[in-house]
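User: Could you walk me through how the labels for this structure are earned? I'd like to see the cut-offs set against the values.

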Protein chains: 2
Amino acid sequence: MTPPHLAGPLLTDLYEITMAAGYWAHDVQDRATFSVFARNPDQKRNYFVAAGLETVLQELEAYRFSREDISYLQSLKLFDPKFMEALQKIKFTGEVQALPEGTLFFPDEPILEISAPIVEAQLIETLVLNTLGIATLIATKASRCTHAAAGRPLVDFALRRTHGRDAGNQVARSTYIAGFSATSNVQAGQRYGIPVAGTMAHAFVTAFDSELDAFRAYAATFPDNTIFLIDTYDTLAGARNAATIALEMQTSGHKSLGVRLDSGDMLELSRDVRRILDEAGLPEMKIYASSSFDEFKITETIQSGAPIDAFGVGTRVGVSADAPYLDIVYKLVRLGNRNIRKLSPGKVTLAGEKQIFRRLDSRGMYGEDIITCREETLADAKPLLEPVMAKGQKTKPTVLLTDIRKNVEKNLARLDQRYKNIRRHEAFPVRISAKLDAMQK
Amino acid sequence: MTPPHLAGPLLTDLYEITMAAGYWAHDVQDRATFSVFARNPDQKRNYFVAAGLETVLQELEAYRFSREDISYLQSLKLFDPKFMEALQKIKFTGEVQALPEGTLFFPDEPILEISAPIVEAQLIETLVLNTLGIATLIATKASRCTHAAAGRPLVDFALRRTHGRDAGNQVARSTYIAGFSATSNVQAGQRYGIPVAGTMAHAFVTAFDSELDAFRAYAATFPDNTIFLIDTYDTLAGARNAATIALEMQTSGHKSLGVRLDSGDMLELSRDVRRILDEAGLPEMKIYASSSFDEFKITETIQSGAPIDAFGVGTRVGVSADAPYLDIVYKLVRLGNRNIRKLSPGKVTLAGEKQIFRRLDSRGMYGEDIITCREETLADAKPLLEPVMAKGQKTKPTVLLTDIRKNVEKNLARLDQRYKNIRRHEAFPVRISAKLDAMQK
């Protein structure tokens with residue numbers, strides 16, 4: 001049985017199963033290698049942050065068709081009963097080479113290469129793409145926000161607008177990897193150990209007779225975790241009410257963490273609110289802001305000089321609104337002893353099993369990538385794809401999320417500023433080795 | 001325990017739980033009504049198709065915090081142990097009024113109104129928004145495609161690029177409601193009884209020594225379900241190979257369903273392929289097309305005169321690429337005997353419990369909507385919000401997906417063409433009754 005947090009083998013396009021049936025019926029059993037990579041047709045991203053590998057490996061280790069799965073497939077009246085018997089016994093027995101989660105990568109570079117008997121390797125295509133796609137899409141988008149925020153904490157507020165529940169949990173995980181401090185999503189907190197955050201919404205404020213009553217009630221219940229939402233009626237009056245209650249809290253030895261702005265002109269309001277809090281003798285109270293923030297609005301807001309200390313980041317990041325999907329593909333590159341290319345217009349694939357080498361420049365920054373044949377070695381460059389699964393079993397322990405997060409930070413420090421520009425396309429230099437190029441003829 | 005296909009109460013923003021704790025601590029127990037509606041800030045949609053209600057009702061019926069949920073919340077060291085005891089006992093005991101799935105609705109109209117003791121009604125906010133949001137987003141996007149296709153069958157191919165697995169299943173369900181014929185997603189087929197479809201990818205073609213061998217192998221395995229993918233090497237040569245195998249199939253009493261184009265100039269290729277098939281005496285073979293289709297590309301392709309019979313529709317619809325989120329909100333509109341408004345700039349809410357009446361014009365088409373107070377009646381118009389849950393239990397049987405699908409079709413037939421324009425914003429007339437307006441002062 002598939003464990004409840006995994007999707008299992010029926011999360012697939014039907015054609016993976018019909019193709020597998022075709023291979024099986026014609027005794028095509030060769031070892032196949034499929035390569036996963038992302039195209040960048042709109043040039044909206046200068047780099048990507050790899051994420052989602054851990055879930056892929058868990059899915060592959062647990063890959064089994066249940067009795068219910070098989071009887072559903074039988075009900076379609078498409079498949080040879082003998083193929084159904086074979087499918088019921090199938091496990092994933094292959095090898096996986098992959099970029100560790102948190103690796104920065106560039107368009108057309110292999111993120112993952114899977115080698116297995118072609119039936120197995122074909123069956124898992126959709127599951128692999130779906131899993132890596134959302135995780136990498138959001139880790140990439142979120143890392144742009146982290147860069148834009150220049151050290152100010154960011155909190156994931158996206159859950160209410162993500163594309164369903166799995167997306168909500170993946171967004172929390174991927175934004176955390178990319179440097180966010182916390183998530184509002186409690187299930188993601190439970191599942192992944194990510195810090196959770198959040199205080200009050202407008203409903204809470206309107207549920208009491210006055211804003212002052214609502215603030216006082218909240219502070220009494222959470223004396224060490226209060227952020228006042230101050231824009232329900234009038235933001236400046238709200239700031240004064242927040243100051244009043246914060247001063248009351250001091251008399252019992254507690255402190256308010258700050259206030260949150262959720263609408264209006266962020267520059268003007270944050271300046272006025274800062275002045276109100278400072279004049280009340282509360283310079284340590286922070287100003288949090290939410291409402292349609294993404295890397296673009298964060299940049300503008302900071303550049304305007306708005307005294308905002310931290311951002312709640314929701315919808316636009318949780319759906320990667322400016323680029324809402326990753327153009328990720330899974331292509332057959334080798335079968336048996338044959339390297340394979342696809343030639344459809346605009347969709348050419350690099351044949352053969354590959355490796356990526358990353359060369360540092362004289363400053364220790366990322367200088368260039370060279371995509372090579374799998375077996376090549378380059379003396380002065382680091383190979384990026386690592387063996388992570390053999391004979392269907394993970395070969396490395398699960399990496400802690402906090403360690404992935406540190407790696408992303410370290411990796412981004414080695415990427416030149418010009419590739420972090422959120423508005424201008426800058427292609428990182430990626431070239432192909434002479435040997436790999438020769439293989440394409 | 002939460003059933004495996006449901007998300008359960010921890011799929012929530014933390015602040016729903018802290019607010020609930022605040023209400024509980026201050027003995028705020030009044031009956032609250034929250035209203036769910038969608039804004040349309042970018043005016044990219046002229047109408048929406050309601051979807052997702054069935055899952056919301058299932059979540060509410062099953063709403064229980066498990067022992068594990070409570071111990072996770074305790075580990076946060078935020079909550080009073082007595083509140084944790086209360087939370088462990090909580091069920092949803094409220095009422096729900098909702099638009100049946102498949103109802104067309106317009107910006108700012110209530111989709112759902114939930115009435116319950118405020119602690120319960122607050123706790124479920126995020127879960128309700130997340131569930132309705134993705135389902136309605138995609139049903140709306142897909143219905144634009146159905147309209148554009150003008151009777152040609154559409155198949156959902158989005159699974160590999162949806163935002164995770166739950167999104168994949170919701171996309172299959174919502175596109176089916178909106179008139180798609182089938183999905184490639186096998187899990188959605190199993191779960192919802194939606195027809196599944198799909199044949200081969202480029203990998204299958206390249207896995208054999210020649211395209212002809214690949215086509216022949218596939219036809220042997222699925223003699224009654226073969227669509228040849230013809231663009232792996234050269235589309236026109238592919239069409240000729242498909243014709244060759246289709247003629248071979250005839251000698252054993254079978255027929256190919258057709259061919260699929262997945263790249264290149266759709267007009268030019270489909271015309272040439274049509275001619276090749278017709279000249280081979282295979283006029284009944286259909287031309288399927290995939291590759292970046294959405295309502296815009298479908299419209300252009302059909303207008304160009306391309307002889308395409310059916311479309312595979314993937315990524316752009318599965319993420320609603322031109323409008324990738326629904327600006328859906330959950331607002332407190334009544335507490336005890338008090339109607340409640342929120343006044344934040346740009347985010348004003350209509351106070352009070354409401355109803356929507358839809359009036360037909362002289363042609364029997366949708367003429368206008370009137371949002372009224374809940375208790376108002378209008379003699380010549382139909383109320384749209386229906387009671388669907390009382391005391392935490394569903395009050396109506398689950399509607400068959402095929403019936404929802406028929407209702408969408410019937411509803412769309414009553415919507416004037418001008419609101420179905422996919423490029424021009426046209427606001428359907430929605431007004432507010434005098435009584436509801438008076439309540440806003």
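Analyst: Let's begin with the angle words: under 35 degrees counts as roughly parallel, over 145 as roughly antiparallel, 65 to 115 as roughly perpendicular, and the rest as oblique. Bear in mind that this is a predicted model, where local features need pLDDT of at least 70, side-chain atom pairs count only at pLDDT 80 or more, and totals for chains, interfaces and linings use all residues. Residues are numbered from 1 along each chain as its sequence is written, while chains are lettered from A and ligands numbered from 1 in the order in which they are written.

User: What makes helix 10 of chain A and helix 1 of chain B roughly perpendicular?

Analyst: They pack at an angle of about 100°, with axes 9 Å apart. Axes are lines fitted to C-alpha atoms, for helices over the stretch in contact, and angles run from 0 to 180 degrees between N-to-C directions. About 100° falls in the 65 to 115 range, so the pair is roughly perpendicular.

User: Which residues make that contact?

Analyst: A:Ala217, A:Tyr218 and A:Thr221 meet B:Ala21, B:Gly22 and B:Ala25. Contact here means C-beta atoms, placed from the backbone, within 7 Å.

User: How do you know which of these residues are nonpolar and which polar?

Analyst: Ala, Val, Leu, Ile, Met, Phe, Trp, Tyr, Cys and Pro count as nonpolar, Asp, Glu, Lys and Arg as charged, and the others, Gly among them, as polar. That gives four nonpolar, two polar and no charged residues.

User: And how many residues are in contact between chain B and chain A?

Analyst: 79 residues of chain B are in contact with 79 of chain A. Helix 1 of chain B gives the most to the chain B side, nine residues. By class, that side has 41 nonpolar, 29 polar and nine charged residues.

User: Why are strand 7 and strand 8 of chain A called edge strands?

Analyst: Two strands pair if DSSP finds at least two bridges between them. Six strands of chain A form an open parallel sheet in the order 7-6-11-10-9-8, and strand 7 (182-183) and strand 8 (227-229) each pair on one side only. Strand 8 has three bridges to strand 9 (residues 258-261), so that pair meets the cut-off of at least two.

User: Where do the domains of chain A come from?

Analyst: Their bounds come from an automatic or database domain assignment, giving domain 1 (14-138 + 323-439) and domain 2 (139-318). Their centres, taken over C-alpha atoms, are 37 Å apart. 19 residues of domain 1 are in contact with 22 of domain 2.

Conventions. Two residues are in contact if their C-beta atoms, placed from the backbone, lie within 7 Å. Helices (H or I, at least four residues) and strands (E, at least two) are DSSP runs, numbered from the N terminus.
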